[in-house]
Every structure is written in structure tokens, then in C-alpha cells.
There are 2 protein chains.
Amino acid sequence: MKARVTIMLKDGVLDPQGEAIKQALTSLEYNNVNSVRQGKVIDLELNESSEEAAIDSIQEMCEKLLANTVIENYEIKLL
Amino acid sequence: MKARVTIMLKDGVLDPQGEAIKQALTSLEYNNVNSVRQGKVIDLELNESSEEAAIDSIQEMCEKLLANTVIENYEIKLL
């Protein structure tokens with residue numbers, strides 16, 4: 001089973017990487033960019049036949065390792 | 001207009017970050033993980049009223065700055 005985890009900084013948490021991308025885009029004369037936020041995406045392939053078990057397992061991985069839940073939100077999607 | 005760009009390494013390109021995550025998961029006794037690939041996600045907010053113009057503009061940004069198209073694929077989705 002394949003799944004995609006998308007991890008973004010929570011609203012209000014400063015995102016220097018996104019800010020840097022925004023500045024780079026502005027210097028390339030893309031002046032129509034209001035805001036940029038950068039996050040991570042992790043594609044997992046699991047040996048798991050049940051969708052529920054897969055989601056439970058991935059949720060646990062996110063809490064323990066993949067995301068820093070103090071400053072990040074995560075979203076799990078089965079593919 | 002909001003859009004999300006997802007950038008992943010192409011198949012066959014070595015992904016040390018994904019490999020490291022896989023090893024970390026295995027050491028946490030998640031033995032059901034077959035493969036892990038890590039990528040980037042960039043959320044953009046554009047001052048652009050037409051969807052087509054927004055996608056064209058983002059595609060150009062990807063080619064010029066956001067993605068390294070030699071080793072990475074990108075995917076644009078309007079939100």
C-alpha cells in the first residue's frame with residue numbers, strides 16, 4: 001500500500017525557507033507571489049493489506065519520527 | 001489563488017534522505033515499510049485571477065528555480 005504524508009509548518013511559525021524562495025522569485029521578477037511556505041512530502045510503501053491499519057501505523061510514525069508536532073501539521077493520504 | 005507544487009526525485013535517482021528515514025523507522029521496529037522517498041512541497045499564494053495564467057506562471061517558476069528538472073519531477077495543483 002502506498003501513502004503520501006505531507007508535513008507543513010503550522011500557521012504562524014516562521015518559515016525562513018519559504019521566505020528565501022519568495023525573495024528568489026521576486027528577484028526573478030515574479031511580482032505576483034504573495035506568500036510561499038515550504039514543507040516536506042514523504043512517500044511510503046507499506047506491507048499492509050488493511051487501509052485502517054496502514055493509516056494507524058503511519059499516524060504513529062508521524063507522531064514519533066516524521067513530524068515535529070509542536071510546530072508542524074501532517075496530513076496522510078493513501079494513494 | 002493558492003497552489004501547491006510537489007517536487008519528488010525521479011525514479012531511479014538515489015534518495016539518501018528517504019533511505020535514512022527508512023532506516024530510522026526500521027530501528028523503531030516498523031518492519032512493514034518497504035520504501036521511503038522524500039520530496040518537497042511548496043505552497044504558493046499568487047495574485048492571479050486566471051487559473052491558466054497561474055499554472056503557466058508556476059510552471060515557469062518550477063523550470064527556472066523551484067525544481068531541478070534533471071533529477072526531479074514536479075506536479076502543480078491549484079487549491
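Me: What rotation superposes chain A on chain B, and with how much shift along its axis?

Reply: This is a predicted model, in which local features need pLDDT of at least 70, side-chain atom pairs count only at pLDDT 80 or more, and totals for chains, interfaces and linings use all residues. Residues are numbered from 1 along each chain as its sequence is written, chains are lettered from A and ligands numbered from 1 in the order in which they are written, and side-chain values use heavy atoms, without hydrogens and water. Copies are superposed by least squares on the C-alpha atoms of residues with pLDDT of at least 70 in both. Here a rotation of 180° with 0.0 Å of shift along the axis places chain A on chain B, at an RMSD of 0.0 Å. That is the relation of a two-fold axis.

Me: Which residue of chain A comes closest to the rotation axis?

Reply: A:Lys40, whose C-alpha is at 2.3 Å.

Me: How many salt bridges does the structure hold over all chains?

Reply: Side chains of opposite charge can pair when their charged atoms come close. A salt bridge is a side-chain nitrogen of Lys or Arg within 4 Å of a carboxyl oxygen of Asp or Glu. The structure holds four over all chains. One of them joins A:Arg4 and A:Asp43 at 2.8 Å, N to O. A:Arg4 lies in strand 1 and A:Asp43 in strand 2 of chain A, so the pair ties together parts 39 residues apart in sequence. Strands (E, at least two residues) and helices (H or I, at least four) are DSSP runs, numbered from the N terminus.

Me: Are A:Arg4 and A:Asp43 buried or exposed?

Reply: Buried means under 20% relative accessible area, exposed over 50%, partly exposed in between (1.4 Å probe, protein chains only). Both A:Arg4 and A:Asp43 are buried.
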